Amino acid sequence: ARAAHCHRAFDPRRRRVAPGDLEFGLLMVATLLALAKSWEHYGILLLFAYLAILKLVASAQSVPRAPLLLTFVSFCVWTFVFADIDYEKLPHTLLLQPLFSAKCLATAMLFVACAWFLRGSAQGTIQGDSPPHADNSRL
């Protein structure tokens with residue numbers, strides 16, 4: 001019984017993005033962008049958006065490449081750019097710092113990708129998998 005339950009839980013045909021997953025991820029990304037001061041460990045809040053996009057991509061038949069590339073680059077920057085390297089390259093003018101911070105730009109890219117995926121799923125351009133049906137032609 002447990003094996004059947006585990007198989008059902010990880011069956012790719014049953015994966016669907018919950019109605020609020022991507023919206024909540026977008027909210028977390030927007031919150032980080034709007035904060036006057038955000039710390040490095042706040043990046044964990046971006047996982048909501050990354051995981052919602054991953055679920056959407058895994059269950060979709062066709063996905064636009066541009067927001068997928070933005071998501072990938074954003075994730076790579078957040079994963080591989082260390083804080084001390086990013087901070088020492090920042091200008092001393094406070095108003096220019098968000099424009100030159102790699103992680104701030106990566107967060108903005110994730111915001112654009114989330115909004116793009118939301119718009120695409122609302123318009124129907126990102127189609128989910130069709131429900132499985134019996135195909136007797138292979139028998």
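A helix here is a DSSP run of H or I at least four residues long, with helices numbered from the N terminus. With that in hand, Ser59 can be placed in helix α3. Keep in mind that this is a predicted model.

## The chain as a whole

The chain has seven helices and zero strands, so reading along the sequence gives a plain α-α-α-α-α-α-α pattern. There are 139 residues, and 24% of them count as buried. The accessible surface is about 9,800 Å², with 67% of that belonging to carbon and sulfur atoms. Take the contacts in the chain with a separation of 6 or more: 76% of them come from residues 24 or more positions apart.

## Three helices against α7

Helix α7 covers residues 102-123, and it makes a handy reference point for looking at α2, α3 and α4. Two packed helices are described by the angle between their axes and the distance between the axes, and those values go into the table.

| Pair | Angle between axes | Distance between axes |
|---|---|---|
| α2 and α7 | about 150 degrees | 9 Å |
| α3 and α7 | roughly 40 degrees | within 11 Å |
| α4 and α7 | about 150 degrees | 8 Å |

Start with α2, which spans residues 21-34 and packs on α7 at about 150 degrees. Angles over 145 degrees count as roughly antiparallel, so α2 is roughly antiparallel to α7. The crossing of the two is left-handed. From α2, the contact uses Leu22, Glu23, Leu26, Val29, Ala30, Leu32 and Leu33. The α7 side brings Cys104, Thr107, Ala108, Leu110, Phe111, Cys114, Ala115, Phe117 and Leu118. Sorted by type, the residues of this contact are 14 nonpolar, one polar and one charged.

Next is α3, whose axis crosses that of α7 at roughly 40 degrees. That angle makes α3 oblique to α7. Here too the crossing is left-handed. Ala49, Tyr50, Ile53, Leu56 and Val57 of α3 make the contact with Leu110, Cys114 and Phe117 of α7. The contact of α3 with α7 has eight nonpolar residues, no polar and no charged.

Then there's α4, packed on α7 at about 150 degrees. That makes α4 roughly antiparallel to α7, and α4 passes α7 in a left-handed crossing. On the α4 side you'll find Ala66, Pro67, Leu68, Leu70, Thr71, Val73, Ser74, Val77 and Trp78. They meet Ala102, Lys103, Ala106, Thr107, Met109, Leu110, Val112, Ala113, Trp116 and Phe117 in α7. The contact of α4 with α7 divides into 15 nonpolar residues, three polar and one charged.

If you're clicking through α7, Leu110 and Phe117 are worth picking out: they're listed in the contact with α2, in the contact with α3 and in the contact with α4.

## Two serines and Ile126

Back to Ser59 in α3. Its relative accessible area is 6%, so Ser59 is buried. Ser62 sits in the loop between α3 (47-59) and α4 (65-80). Ser62 has 37% relative accessibility and therefore counts as partly exposed.

Both serines can be paired with Ile126. Ser62 and Ile126 are 64 residues apart in sequence, yet their C-alpha atoms are 6.0 Å apart in space. For Ser59 and Ile126, the gap along the chain is 67 residues and the C-alpha separation is 9.8 Å.

How values were computed:
Residues numbered from 1 in each chain as written. Predicted model: local features only at pLDDT ≥ 70, side-chain atom pairs only at ≥ 80, totals over all residues. Heavy atoms only, no water. Axes fitted to C-alpha atoms, helices over the stretch in contact; angles between N-to-C directions. Parallel < 35°, antiparallel > 145°, perpendicular 65-115°, else oblique. Left-handed = near helix turned anticlockwise from the far one by under 90°. Contact = heavy atoms within 4.5 Å. Nonpolar A, V, L, I, M, F, W, Y, C, P; charged D, E, K, R; others polar. Buried < 20%, exposed > 50% of the residue type's maximum accessible area, 1.4 Å probe, protein only. Areas by Shrake-Rupley, 256 points an atom, 1.4 Å probe, with all protein chains shown as cover.
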